[in-house]
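Here's a walk through one protein model, taken a piece at a time. Keep the viewer open and follow along.

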Amino acid sequence: MHKPKIERKQLFDAGWQFHLGDTARADTAGDWHEVDLPHDWSIASRPDSLNPSGGDGGYFANGTGWYKKVFEVPEHWEGKKVLIYFEGVYMNAEVFINGEKLGIQPYGYTSFDFDLTPYLKPGKQNVVAVRVDNSHQKNSRWYSGSGIYRHVWLKVTDPLHISHWGVAVTTPEIHKEQATVRVRTLVKNESTLAQDFVITSTVPLVSEKQTQVSIAPGREKEIVQELTVENPALWSPESPELYRLDVTLSRESDVVDEVTEFFGIRDIRFSAENGFELNGRKVILNGGNVHHDNGSLGAAAYDRAEVRKVALLKEAGFNAVRTAHNPPSEAFLYACDSLGLLVIDESFDGWRVKKTDHDYAGIFDEWWKHDAQSMVLRDRNHPSVILWSIGNEIIERKEPGAVETARKLSGAVKEIDATRPVTSAMTTWDAEWEIFDPLMAEHDVAGYNYQLHRAESDHERVPDRIILQTESYPKDAFYNWKMVQDHDYIIGDFVWTALDYLGESGIGRYFYPGEPEGEHWVGGLFPWHGAYCGDIDLTGWRKPVSHYRSMLYNGDEKLYMAVREPDPEDGKITLTSWAVWPAWESWTWPGQNGKTLTVDVYSRHPSVRLYLNDSLIGEKETTPDTQFRAVFEVPYHPGELKVAGMEDGREVETRNFLTAGEASKIMLSPDRSEIEANGQDLSFVVVEITDGEGILQPNADHKLQFALEGPGEIVAVDNADLKDTGSYVSGTRKAWHGRAMVVVKSTREKGDILLTVSSPGLPDATLTLHVKQ
């Protein structure tokens, strides 16, 4: 009788049950409710100043929770190997199958797996359970989320199979006419008999290599094969060309196992003389740091949310990202591969000395090698990854022991992948900088946090040091751009941060008279529950500094204008260290008639002209000498504010703002009008309150009500106001500066979703989203 084909990798996200709180056994009665993964239970809470996560964790609730799933193992799985693979569980995961404990994974960002085979009951009901303990607070300096927040998979194979993460692809030789692709495949024989088989590596329609292999029972073997790709299409941010690799194990003409990987052919080189070279061309890294959360979705790593995040970074002009301070989701890296974004893949925020009471320092000695190597094994085939980072602002960095730790970490990384350099981020705000020379020498690239002003003297002292600014203040965009332009040994700058994020509450804030003073680390800044230092806010809106940064590094955008928020009558706006002045794309300033407003213009044109109601305010240069900026002081009168970019005495480009009338409409703009009926796909719908002519009313703060009909659900609402403590998982949200956002998730049924957004005094707005099978 013919056995049905078994899918090797099966998504295991649907049909879990969740219990918030601890319980002696996962199968006990209690308050369980059904959830699909990815799932973050913390985001469903509201920020509360009493929550022990504090400002670091965004004041969200944490605690302990249980997940369980009942599933049937088909009888034809008898004799198969069954692996359960978790992409990420935050944190202290304990995994059980049919009451038997399989093991633990403390670090919440490491992907991990367990073998279910010995405990499964084919043809019967089985129960997998996961205890997640995020109760020990504080354990993070930013919002972590809680739960099984990334995908879970079952992997079903024969006893003879390709090991999990067992295929490694490198491109050791690349020429214009051809490239060598080296494939290393780790095969395991978990049967009781010796096995003879053929391993075949194929780049479809391009190249193929077969090897005859024998392997003893209970043993594993690595097989190395080389393929030739003629006239290779090289991977780069501008042209992210990907190839497919199929690796199959065949025995007597039957395919026993098959794994597919996607890879890119690209050459990376780093030197103090030529900087960073990609495929023989110097590339300056215009980078941004990102945390792993997806704003209003919390830590839940929906594929669509991760793709959108990468797309936002690309649209903002970044060509690189640093995953501060932990490995990202697989979906995020696949998006970086396919959309073209270079990646610094980072392992930890700290080593042996703690930054918070319950952080990684408590498990470092036992888990560092496992977790660092898991990152490299999982991520080594991604062409987007160009650097491995082994830490960030290590507390013990002045101690001799840190040098030995760095050496061990770097060695552990290079045991698995020696094709990429190792870095970490270092800083100090005191005079003892040269003390780090031995520690920096253990790295291939020296990461500087906020210390690029030391680069020139460091280069004189250590000429072969390759320098990368791994964190910088947003306000220093021009200085940092100029430094990397002028010095080949400085390969780029990564701003803190590319995106706003939850937690580290109040960093990047500005404050008004009467509000708490000081930097974010002083604490007590509730209701602030997130970081406002990003170039892009939580709804995806690009702040003025984003346009300026992209204008510096890229040639696509040449003219931008924003109006600074004026000081209130009772005092002045104060900026903190990571802040830039609040400025808005608006010429609607009630109560400011006749008062002077400051207009910022960024331009790559030689000069700009500014007009108010067709009257020329003035013309100013926008050259490197002026940092490509012009500042105008303009008495406010309603109407039209217009800027023109000048070339050879001609106006070649214009931008304008029109004063908005009273709020009268709600406008809905989805990022996608058609989504998949897979229970996971998302549409991010931007909500804008406008006047009758469709001009955004930036002062509108209406309470919005969201309602949905059809095969979908509202999973998040947002407005980018990090002082608004309303629930992100609800059907209401206030507009902030005239804007808000609602995130709609599909079910597993096709059809049309009708979204209705309403607010007192405004006509309802509706939107139809199509859900396809």
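What follows covers a histidine, some strand pairings, a pocket, a helix and a residue before the first strand. One thing to keep in mind throughout is that this is a predicted model.

**A histidine and its surroundings**

Let's start with H161, which sits in strand β11, spanning residues 160-174. Is H161 buried or exposed? H161 has a relative accessible area of 7%, and because the cut-off for buried is under 20%, H161 counts as buried. Its side chain has polar company too. A polar atom of the H161 side chain lies 3.0 Å from the backbone oxygen of D158, and a polar contact of 3.2 Å links the side chains of H161 and E190. If you skip the neighbours within four places in sequence, the residues touching H161 are K81, L186, V187, K188, E190, L249 and D257.

**Strands and how they pair**

In general, strands of a sheet pair through backbone hydrogen bonds, either parallel or antiparallel. This model gives you examples of both. For the antiparallel kind, look at the open sheet of 4 strands, which runs in the order β14-β13-β16-β17. Its edges are β14 (207-215) and β17 (254-263), each of which pairs on one side only. From one strand to the next, the twist averages 15°. Within this sheet, S201 stands opposite K209 in β14.

For the parallel kind, go to β26, residues 446-449. Strand β25 (residues 422-426) pairs with β26, and there A425 has G447 as its bridge partner. β26 also pairs with strand β27 (residues 467-471), where the bridge partner of Y448 is Q469. Here are the pairings in one place:

| Strand pair | Sense | Bridges |
|---|---|---|
| β13 (residues 195-203) and β14 | antiparallel | 9 bridges |
| β25 (residues 422-426) and β26 | parallel | 2 bridges |
| β26 and β27 (residues 467-471) | parallel | 4 bridges |

In a regular strand, side chains alternate between the two faces of the sheet. So which residues of β26 are buried on each side? A446 and Y448 are buried on one side, G447 and N449 on the other, leaving both faces of β26 covered.

**The largest pocket**

Rolling a probe the size of a water molecule over the atoms shows where empty space is left. The largest pocket has a volume of about 1400 Å³. Its lining takes in 47 residues, and R8, K9, D257, E258 and V259 are the ones nearest its centre. Elements that supply two or more lining residues are β1 (9-11), β10 (152-157), β11, β17, α2 (330-339) and α3 (364-379). Which element gives the largest share of the lining? That's β17, with 9 residues. So two threads meet here: D257 is in contact with H161, and D257 is also among the residues nearest the pocket centre.

**A mostly covered helix**

Helix α2 is mostly covered, with 7 of its 10 residues buried. The buried set is E330, A331, F332, L333, A335, C336 and D337. Just after α2 comes G340, with a positive phi near 90°.

**Before the first strand**

Finally, look at E7, in the segment before β1. With 52% relative accessibility, E7 counts as exposed, because the cut-off for that is over 50%. E7 and E94 are 87 residues apart along the chain, and their C-alpha atoms are 26 Å apart.

Definitions and conventions:
Residues numbered from 1 in each chain as written. Predicted model: local features only at pLDDT ≥ 70, side-chain atom pairs only at ≥ 80, totals over all residues. Heavy atoms only, no water. Buried < 20%, exposed > 50% of the residue type's maximum accessible area, 1.4 Å probe, protein only. Polar contact = N/O pair within 3.5 Å; in protein donor to acceptor, adjacent residues only side chain to side chain. Contact = heavy atoms within 4.5 Å. Pairing = 2+ DSSP bridges. Axes fitted to C-alpha atoms, helices over the stretch in contact; angles between N-to-C directions. 1 Å grid on protein atoms, 1.4 Å probe; cavity = no way out; pocket = protein on both sides within 12 Å on 5 of 7 lines; lining within 4 Å. Points joined across faces, edges and corners; volume = space filled by probe spheres on them.
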